[in-house]
Amino acid sequence: MKTFQVSLLVSACILATLSLLADGQTLEPKKKRDRCDYEQPTCGICGRKINVTIIATNSLQGDNFELTVPIIREHKRNLLSFLQQAAELENGFKFQATYFANLGYYIDSINGVRASPENKTYWQISSDGVSLQCGVSSYVPKNEDVILFNFTTYQNAGY
Ligand SMILES: *[C@@H]1O[C@H](CO)[C@@H](O)[C@H](O)[C@H]1NC(C)=O
Ligand SMILES: *[C@@H]1O[C@H](CO)[C@@H](O)[C@H](O)[C@H]1NC(C)=O
Ligand SMILES: *[C@@H]1O[C@H](CO)[C@@H](O)[C@H](O)[C@H]1NC(C)=O
């Protein structure tokens with residue numbers, strides 16, 4: 001199980017995006033501005049612009065923290081993209097994730113606070129108080145969504 005740095009993830013995503021665009025069945029080659037202004041591929045790469053708030057809290061282990069990152073007018077995409085935005089906008093916000101085939105990315109750590117099977121800890125993700133049934137690669141936030149990443153234990157989460 002390999003953990004990749006966010007920067008690698010970002011580059012990988014950019015490469016993936018570029019190669020998707022290069023495939024470009026749907027995109028016009030001559031357009032100069034942000035292609036998202038012209039095309040909204042069904043794959044969801046460039047959705048309409050929405051506002052999402054990302055909150056990360058750790059009240060469990062080490063130095064506790066609560067970080068709130070408002071993300072204004074970003075294209076609607078999966079939650080992972082908004083996490084990347086949060087990392088770009090807020091220096092104090094860092095995360096690491098591991099990719100699992102068919103499942104997508106799993107959040108290993110936020111700001112160095114790491115999920116651990118020994119401690120039965122993980123980063124629980126909820127939207128407006130409702131625990132997400134899918135991960136950061138599958139969940140697509142809605143406008144004005146408040147996404148909470150809360151460092152917690154399996155027991156506290158009711159498992
Ligand atoms: C997002 O927030 C900005 C600034 O508060 C606001 O002008 C804009 O209308 C909002 N966008 C949506 C889709 O609600
Ligand atoms: C398990 O929890 C302890 C106490 O909170 C912490 O010091 C330790 O780093 C955790 N272990 C892992 C692998 O994160
Ligand atoms: C976040 O996790 C902490 C530690 O497990 C827990 O006490 C708290 O109730 C959780 N908060 C939410 C909003 O779920």
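In the predicted model, five strands form an open sheet of mixed pairing, in which the order of the strands is E2-E1-E8-E6-E7. The edges of this sheet are taken by E2 and by strand E7 (130-131), each of which has a single partner strand, so that one side of each is left without a neighbour in the sheet. Helix H2, spanning residues 79-89, packs on this sheet and touches E1, E2 and strand E8 (145-153), and the direction of the helix makes about 110 degrees with that of E2. At the E7 edge, the pairing with strand E6 (residues 121-127) is antiparallel and runs over 2 bridges; within it, Ser126 has Ser131 of E7 as its bridge partner.

A second open sheet consists of 3 strands in the order E3-E4-E5, and the pairing here is antiparallel. E3 and E5 stand at the edges of this sheet with a single partner strand each, and one side of each is therefore left without a neighbour in the sheet. Strand E3 (residues 95-100) is joined to strand E4 (residues 104-110) over 6 bridges in the antiparallel sense, and among the bridged pairs are Ala97 with Ile107 of E4 and Tyr99 with Tyr105 of E4. The hairpin formed by E3 and E4 has 3 residues between the strands, and in this hairpin Asn102 takes a positive phi near 70 degrees. On the other side of the pairing scheme, E4 and strand E5 (residues 113-114) are antiparallel and share 2 bridges, with Ser109 standing opposite Arg114 in E5. The hairpin of E4 and E5 has 2 residues between the strands, and here Asn111 takes a positive phi near 50 degrees.

Taken over the protein chain, the secondary structure comes to 2 helices and 8 strands, which follow one another along the sequence in the pattern α-β-β-α-β-β-β-β-β-β. Of the 159 residues in the protein chain, 19% are buried. Among contacts in the protein chain with a separation of 6 or more, 58% are accounted for by residues 24 or more positions apart.

The largest nonpolar core contains 24 residues, of which Ile54, Phe82, Leu83, Ala86 and Ile110 touch the most other members. At least two residues of this core are supplied by each of E1, E2, H2, E3, E4, E6 and E8, and the element that gives the most is H2, with 6 residues. For Phe82, the contacts that remain when neighbours within four places in sequence are left aside are those with Val52, Ile54, Ile71, Glu74 and Pro141.

The surroundings of Val136 were examined in the same manner. This residue has its place in the loop between E7 and E8, and Val136 counts as buried because 23 C-beta neighbours lie inside 10 Å. When residues up to four places away in sequence are not counted, Val136 touches Asn78, Leu79, Leu80, Leu83, Gly104, Tyr105 and Ile107. Two of the residues touched by Val136, Tyr105 and Ile107, also appear in the pairing of E3 with E4, as the bridge partners of Tyr99 and Ala97. With Ala97 itself, Val136 has a C-alpha to C-alpha distance of 9.7 Å in space, although these two residues are 39 residues apart in sequence.

Two ligands were also considered. Ligand 1 is surrounded by Ile50, Asn51, Ile72, Arg73 and Asn143, and the elements giving two or more residues to this shell are strand E1 (49-58) and strand E2 (65-75). Divided by class, the shell around ligand 1 has 2 nonpolar, 2 polar and 1 charged residues. Around ligand 2, the residues are Gln61, Arg114, Ser116, Glu118 and Asn119, and this shell comprises 3 polar and 2 charged residues, with no nonpolar ones. Arg114, one of the residues around ligand 2, is also the residue of E5 that stands opposite Ser109.

How values were computed
Residues numbered from 1 in each chain as written. Chains lettered and ligands numbered in written order. Predicted model: local features only at pLDDT ≥ 70, side-chain atom pairs only at ≥ 80, totals over all residues. Near = placed C-beta within 6 Å. Helix = DSSP H or I, 4+ residues; strand = E, 2+ residues; numbered from the N terminus. Nonpolar A, V, L, I, M, F, W, Y, C, P; charged D, E, K, R; others polar. Pairing = 2+ DSSP bridges. Contact = placed C-beta atoms within 7 Å. Axes fitted to C-alpha atoms, helices over the stretch in contact; angles between N-to-C directions. Buried ≥ 20, exposed ≤ 12 C-beta atoms within 10 Å, placed from the backbone. Core = buried A, V, L, I, M, F, W, Y, C linked by C-beta atoms within 7 Å.
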